[in-house]
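Colleague: I've got a two-chain model open and I'd like to learn how to read it properly. Could you walk me through it, feature by feature?

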Amino acid sequence: MSAEMTLDTPATKNIWNGGRSPFKVSWGKLMMWYFLVGDSFSFGTFLITYGALRFSYDAWPNPNDVFNSFPFFEGVKLPLMFVSLMTFILIMSSVTMVLAVHYGNHDKNRKKVATWLLFTIIGGALFLGCQAWEWTHLIREGMTLHSIPAEFYGGHQPSYPSAAFGWLFFTITGFHGFHVLIGVVINIIIFLKVIQGYYDRKDSYEMIEKIGLYWHFVDLVWVFVFMAFYLL
Amino acid sequence: MKQDTYTNAAATTVADGNGMVKTIWRTFWILLIVTIVEVACALIYPASAPRMILNVFFIAMSLLKAIYIVGVFMHLKFEAKFLIMLVLLPTILLLYAVAIMLTEGNSWLNMQGY
């Protein structure tokens, strides 16, 4: 009797009864979300380590004294201006990415998807270029993995200078930059497939949405990297 | 092919045509203005004033930006309830780790000189 009841109960009644996804997304998108939740723990661990080490020091380098240079403006102190430009580039590339996703999903408009994807690739490449310049500049100023120049503290070297600042900065921004690099490479591959009409033949632009999720996650991570290193 | 039907259904229910494009640009302006305000505060905040107020402001603004990026750009706001929970609930563990590691870091500072 009860067995018959169960069989007769329509699967639509309970979302966990099977037969459809309780998350109402495709397999590929769900796997991308799983990956991103996992990746948020990688970055979370990095930034929490940064926090713990920073709390263990009396004095910490002042962001306004560390990041105060701008290309072609040698000798002029412009605190946080270059990183603001980098942040702007990354936010902008997130917008171009989400527009590519939108025109793919909503209009299946190959031309628009290709154009906005191209802008996203340019934005990502610009960001990586900026990061390369910033690293080069900091290394030339005397920042290494285990030591930093006294100017980073605003001139007066504390009795316990941070040994880990270089390690933290280069590994965390490096890991983030590596993510951007991977994103640019995947975007280029997908861009080539878009202009060849691959997703038109497939009649689905969902792949753009999946790389879009990844790209926005990289932007999201930058919000917290920016906060930890440049603001707090 | 069957899996693809989910995505397109979700995308069309949210906004048709220009509605979503408008939302995207509005989000862009919010993110940009919040970032400009953050940088301005970092530059003009007097060194004598308590740093804690500024730090709380930075953390709140970063969380606001995160909500807009995840909610609108990553489309999570418009997804199924269980997907939202799947993504957000594990991050509670990160908050736990933040609390415990900052406490520990602070105690390392106090141990100096012993």
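What follows is a talk about confidence, helices, the interface, the core and a few single residues.

Modeller: Keep in mind from the start that this is a predicted model. Let's begin with how far to trust it.

Colleague: Fine. What ipTM and pTM does the predictor give the complex?

Modeller: The complex gets an ipTM of 0.87 and a pTM of 0.89. Chain by chain, the mean pLDDT of chain A is 90, with 94% of its residues at 70 or more. For chain B the mean is 85, and 83% of its residues reach 70 or more.

Colleague: And which elements have the lowest and the highest mean pLDDT in chain A?

Modeller: The general idea is that where pLDDT is low, the predicted coordinates should not be read in detail. In chain A, the lowest mean belongs to helix α1 (residues 2–8), at 49, and the highest to helix α6 (residues 165–195), at 96. Over residues 1–5 of chain A, pLDDT stays under 50, and the model has zero contacts for them beyond four places in sequence.

Colleague: What about the elements of chain B?

Modeller: There α1(B) has the lowest mean pLDDT, 48, while α3(B) has the highest, 94. The pLDDT is below 50 over residues 8–15 of chain B, yet that stretch has 11 contacts in the model beyond near neighbours in sequence. I'd go back to the general caution here: coordinates should not be read in detail where pLDDT is low.

Colleague: Good. How many helices and strands are there in chain B?

Modeller: Five helices and zero strands, so to speak an α-α-α-α-α pattern when you read along the sequence. Of the 114 residues of chain B, 17% count as buried.

Colleague: How many residues of chain B are in contact with chain A?

Modeller: 48 residues of chain B are in contact with 49 residues of chain A. On the chain B side, α1 (4–14), α2 (18–44), α3 (51–73), α4 (81–88) and α5 (91–111) each supply at least two residues. By class, that side has 32 nonpolar, 11 polar and five charged residues.

Colleague: Now the core. Which residues have the most contacts inside the largest nonpolar core?

Modeller: As background, nonpolar side chains tend to be buried together in soluble globular proteins. Here the largest nonpolar core has 67 residues, and those with the most contacts inside it are L47(A), A100(A), V113(A), L117(A), V221(A), V225(A) and F226(A). Elements giving two or more residues are α2, α4, α5 (110–141), α6 and α8 of chain A, together with α2 and α3 of chain B. The most comes from α8(A), with 18 residues.

Colleague: Pick one of those. What is V113(A) in contact with, leaving aside its neighbours within four places in sequence?

Modeller: With A100(A), Y103(A), G104(A), V194(A), Y205(A) and I208(A). Staying with the core's main contributor, A228(A) is in helix α8 of chain A, where it touches L47(A) and Y50(A), not counting residues up to four places away.

Colleague: Is A228(A) buried or exposed?

Modeller: Count the C-beta neighbours: A228(A) has 21 inside 10 Å, so it counts as buried. Compare L36(A), in helix α2 (residues 27–55) of chain A: with 19 such neighbours, L36(A) counts as partly exposed, because buried starts at 20.

Colleague: How far apart are L36(A) and L213(A), in sequence and in space?

Modeller: They are 177 residues apart in sequence and 8.4 Å apart in space, C-alpha to C-alpha. L36(A) touches L213(A) and also F217(A). By contrast, A228(A) and L213(A) are 15 residues apart along the chain, with C-alpha atoms separated by 23 Å.

Colleague: And the span of α6(A), how do I read that?

Modeller: Compare it with the rise per residue. α6(A) has 31 residues and reaches 44 Å, close to the 45 Å expected at 1.5 Å a residue. G197(A) follows α6(A) with a positive phi near 80°.

Colleague: Which residues other than glycine have a positive phi?

Modeller: Among them are L80(A), at about 65°, and D203(A), near 60°. L80(A) is in the loop between α3 (63–66) and α4 (81–107) of chain A, and counts as buried with 21 C-beta neighbours inside 10 Å. D203(A) is in the loop between α7 (198–202) and α8 (206–231) of chain A, and with 10 neighbours inside 10 Å it counts as exposed.

Note on methods
Residues are numbered from 1 along each chain as its sequence is written. Chains are lettered from A and ligands numbered from 1 in the order in which they are written. Helices (H or I, at least four residues) and strands (E, at least two) are DSSP runs, numbered from the N terminus. A residue is buried if 20 or more other C-beta atoms lie within 10 Å of its own, exposed if 12 or fewer, and partly exposed in between; C-beta atoms are placed from the backbone. Two residues are in contact if their C-beta atoms, placed from the backbone, lie within 7 Å. Ala, Val, Leu, Ile, Met, Phe, Trp, Tyr, Cys and Pro count as nonpolar, Asp, Glu, Lys and Arg as charged, and the others, Gly among them, as polar. pLDDT is the predictor's confidence in each residue, from 0 to 100. The expected span of a helix is 1.5 Å times one less than its number of residues. A nonpolar core is a set of buried Ala, Val, Leu, Ile, Met, Phe, Trp, Tyr and Cys residues joined through C-beta atoms within 7 Å.
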